[in-house]
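Hi,

Here is the structure I promised to pass on. Have a look at it first, and then read on for what turned up.

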Amino acid sequence: MTDFRLTLAQHVRSLGDLAIVLDQLTLAGKVIARELARAALIGQLGTTGETNVQGETVKKLDVWANDVMVSALEATGLVCTLVSEEMAEPLHLAQHCARGRYIACFDPVDGSSNLDVNGIVGTIFSIRRHQGDGNDHVAADTLRPGTEQVAAGYIMYGPGTLLVYTNGAGVNGFTLDPTIGEFVRSHQGIRIPARGRTYSVNEGNSPRWDPSLRRYIEHLRATDVASGRPYTARYVGSLVADLHRTLLEGGIYLYPADARADGKATGKLRLLYEAAPMGFITEQAGGKASTGLERVLEIQPTAYHQRVPLLIGSPEDVTLAEEFISGGR
Ligand code: FBP
């Protein structure tokens, strides 16, 4: 007797139009997963020679995956504005702008520095409702706090291809079964442990950190059996991979602000399509997402590619980090 497990299509069936958008996003994920698996054989590794709005060197797959995401979302006829890490300005699809439609913000390939070394990368997405009637002011419609997200998720391209998402009713994970081409539920009702034993941060930046943050990391590395220290360090260099591990095993991922000439004084990660969606997922799993001083989901965005510091993970770990950063420890 075949053991039929719940597919993503079945899981989202009751979500109306949102189900169509999520279905298209997972289709894009399947297409991107296939291309990643063959990238080294079909000349898809390496850069385009261009620089994107973030000042970063653009990888061929960044642009290619962006086109796949745009085509998939446009085909729904339900998404009125698209914001992407790879597009300087939002793509506004006026013909799709009726009440109740959606805004999609996404990072087509997260962890791009891992692409050419066959490392783990991901796609991150955030879905909000289009508030206006017809062709309202795009910025006012898009630049709204993360608390207004109706869905968020990531697709992780690792040994398996895994979709983890929330629509505000908890967090579930679906693994792509390549033998049937379906995302099948593999992680039901993900709950992050209250506290972990792992921290994840690029310590190469530590000379530029605020001293309070250096003290916090030193605290995690100090030996104290009673409080489960020292913590161990893990850093894949892909937010999707590092946060996925943190969601399942607990702990904390940090990309803090640092005093650097290239503007990373406000952190590296982008609010609309990295910090806010990962914050929504993590909070729905019982965790916390903070800048160190405030809840990420309550930040009022002021620009499409705005960067914020991010401390995210187990509630007790993020709270302790906040205590250090606010000078309470
Ligand atoms: P991209 O979306 O451009 O890949 O940037 C985000 C990211 O790659 C995260 O996935 C990762 O956690 C971080 O930047 C790595 O940055 P760094 O190389 O500075 O540690």
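One thing before the details: this is a predicted model.

**Overall picture**

Long-range contacts dominate the list: of the contacts in the protein chain with a separation of 6 or more, 64% are between residues 24 or more positions apart. As for secondary structure, the chain has eight helices and 15 strands. The radius of gyration is 19 Å, close to the 20 Å that the globule rule gives for 329 residues, so the chain is as compact as a globular protein of that length. If you want a feel for the dimensions, the C-alpha trace spans about 55 × 55 × 40 Å along its principal axes.

On the surface side, 55% of the 329 residues are buried. The accessible surface adds up to about 13,500 Å², and carbon and sulfur atoms own 51% of that. I also looked at the charges: there are 31 positive and 37 negative ones, and their mean positions lie 4 Å apart.

**The sheet**

Now to the eight-stranded sheet, which is open and mixed in its pairing, with the order β4-β3-β5-β6-β7-β8-β9-β10. The edges are β4 (91-92) and β10 (182-187); each has a single partner strand, so one side of each is left without a neighbour in the sheet.

Start at the β4 end. Strand β3 (residues 79-84) runs antiparallel to β4, and two bridges join them. In that pairing Thr81 sits opposite His92, while Leu82 faces Leu91. The two strands make a hairpin, with six residues between them. With β5, on the other hand, β3 pairs in the parallel sense, over five bridges; Ser84 opposite Phe106 is a pair to look for there. How much of β3 is buried? Six of its six residues are, so this strand is largely enclosed by the rest of the structure.

At the other end, β9 (residues 171-177) and β10 are antiparallel partners with five bridges, and Phe174 stands opposite Arg185 in β10. This is a hairpin as well, with four residues between the strands, and Gly181 in the turn has a positive phi of about 70 degrees.

Ser186 is worth a click while you are in β10, the strand it belongs to. Its relative accessible area is 31%, so it falls in the partly exposed class. Setting aside neighbours within four places in sequence, Ser186 is in contact with Arg5, Leu162, Gly173, Phe174 and Thr175. Val164 is 22 residues away from Ser186 along the chain, and their C-alpha atoms are 9.8 Å apart.

**Helix α6 and Ser314**

Next, helix α6 (residues 239-249): nine of its 11 residues are buried, so the helix is largely enclosed by the rest of the structure. The buried ones include the charged-type side chains Asp242 and Arg245, along with Leu239, Val240, Ala241, Leu243, His244, Thr246 and Leu247. Just after the helix comes Gly250, with a positive phi of about 85 degrees.

Gly250 shows up again in the surroundings of Ser314. That serine is in the loop between β15 (310-313) and α8 (315-325). Is Ser314 buried or exposed? It has 0% relative accessibility, so it counts as buried. Not counting residues up to four places away in sequence, Ser314 touches Ile192, Pro193, Ala194, Arg195, Gly196, Gly250 and Gly251.

**Two backbone spots to check**

Which residues does the cis peptide bond join? Arg229 and Pro230, with omega at about 10 degrees. Pro230 is located in the loop between α5 (211-221) and β12 (232-233).

The other spot is Asn118, which has a positive phi of about 55 degrees although it is not a glycine. You will find Asn118 in the loop between β5 (102-110) and β6 (121-129). Its relative accessible area is 73%; anything over 50% is classed as exposed, so Asn118 is exposed.

Happy to go through any of this together once you have had a look.

Cheers

Key. Residues numbered from 1 in each chain as written. Predicted model: local features only at pLDDT ≥ 70, side-chain atom pairs only at ≥ 80, totals over all residues. Heavy atoms only, no water. Rg over C-alpha atoms; globule rule 2.2 N^0.38 Å. Buried < 20%, exposed > 50% of the residue type's maximum accessible area, 1.4 Å probe, protein only. Contact = heavy atoms within 4.5 Å. Areas by Shrake-Rupley, 256 points an atom, 1.4 Å probe, with all protein chains shown as cover. Charge placed at Lys NZ, Arg CZ, Asp CG, Glu CD. Pairing = 2+ DSSP bridges.
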